[in-house]
Amino acid sequence: MTLIGTDRWLERPVDPLYEGAYIATLDQSETGPIADRFKATYNYQPDVNVAYAYDMVALSAGIASSAGPDGFNKQVLENATGFRGSTGLFRFRSDGSSQRSMPFFKVEKGQLKLVEKSTAGF
């Protein structure tokens, strides 16, 4: 049996029971710069919601600067190619859900080992 977990498992030190498990989580090389700036400003380590919020503000600013207020429409927001942010590639679907491409890791000797990078596109 193979265990598959979420990044919530990483909120605490990796338990030895997770050895061999697979986890889809954000790539720290992409979220690291935002986390470092956040910690320097607020003196504590951010959680994943900081990176998601950063991406939403950046996406909103990008749409506003390139298309103005009229850019906030269904066609733009449901762009099939998606958007790249500090949390990786993501897109919004017509049913209101989102889709995300995340790297896949395996727990080996208590550390995360990259198994598969996130896709470059949808």
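## The three-stranded sheet

In this predicted model, one open sheet is built from 3 strands in the order β3-β4-β5, with antiparallel pairing. If you trace the sheet from side to side, β3 (83-85) and β5 (98-101) are the edge strands; each has a single partner strand, so one side of each has no neighbour in the sheet. Going from one strand to the next, the twist averages 30°.

What holds strands together like this? Strands of a sheet pair through backbone hydrogen bonds, either parallel or antiparallel. Here, strand β4 (residues 88-92) pairs with β5 over 4 bridges, in the antiparallel sense. To find your way around, look for R91, which stands opposite Q99 in β5.

## A helix across the sheet, and a buried charge

Now look for helix α2, which covers residues 48-67. Helix α2 lies across β3, β4 and β5, and runs at about 65° to β4.

One residue of helix α2 deserves a stop: D55. Which side chain of opposite charge is nearest to D55, and how far away is it? It's R100, at 5.1 Å. A salt bridge needs a nitrogen and an oxygen within 4 Å, and D55 has no salt bridge even though it is buried. Leaving aside residues up to four places away in sequence, D55 touches G85, S86, T87 and F90. Of these, G85 falls in β3 (83-85), while F90 falls in strand β4 (residues 88-92).

## The four-stranded sheet

There's another open sheet to explore, with 4 strands in the order β1-β2-β6-β7 and mixed pairing. Its edges are β1 (4-6) and β7 (111-116); each of them has a single partner strand, so one side of each is left without a neighbour in the sheet. The twist in this sheet averages 35° from one strand to the next.

Where does the mix come from? On one side of the sheet, β1 and strand β2 (residues 22-24) run parallel, joined by 3 bridges. T6 has A24 in β2 as its bridge partner. On the other side, β6 and β7 run antiparallel, with 5 bridges between them. These two strands form a hairpin with 2 residues between them, and K109 in that turn has a positive phi of about 55°.

## Aromatic pairs

Time to look at the rings. A pair of aromatic rings is described by the distance of the centres and the angle of the planes. How many aromatic pairs does the structure hold? There are 7. In one of them, the ring centres of W9 and Y18 are 4.3 Å apart and the planes sit at 15°, so this pair is stacked. W9 is partly exposed, at 23% relative accessible area.

Y22 and F104 make another stacked pair, because their planes are at 5°, under the 30 degrees that counts as stacked, with the centres 5.5 Å apart. This pair links distant parts of the chain: Y22 belongs to strand β2 and F104 to strand β6 (residues 104-108), 82 residues apart. Both rings belong to partly exposed residues, with a relative accessibility of 22% for Y22 and 29% for F104. Elsewhere, ring pairs join F38, Y42 and Y44 into a cluster.

## Salt bridges

Unlike D55, which has no salt bridge, some charged side chains here do find a partner: the structure holds 3 salt bridges. One joins R8 and E11, with the closest N and O atoms 2.7 Å apart. R8 counts as exposed, with a relative accessibility of 55%. Another is formed by the side chains of E78 and K74, at 2.9 Å from N to O. In that pair, E78 is partly exposed at 26%, whereas K74 is exposed at 53%.

The remaining bridge takes us back to the hairpin. E108 forms a salt bridge with K113, and the closest N and O atoms are 3.9 Å apart. E108 also stands opposite Q111 in β7. Both ends of this salt bridge are partly exposed, with a relative accessible area of 32% for E108 and 46% for K113.

Definitions and conventions: Residues numbered from 1 in each chain as written. Predicted model: local features only at pLDDT ≥ 70, side-chain atom pairs only at ≥ 80, totals over all residues. Heavy atoms only, no water. Pairing = 2+ DSSP bridges. Axes fitted to C-alpha atoms, helices over the stretch in contact; angles between N-to-C directions. Contact = heavy atoms within 4.5 Å. Phe/Tyr/Trp six-rings, centres within 6.5 Å; stacked < 30°, edge-to-face > 60°. Buried < 20%, exposed > 50% of the residue type's maximum accessible area, 1.4 Å probe, protein only. Lys, Arg positive; Asp, Glu negative; His and termini not counted.
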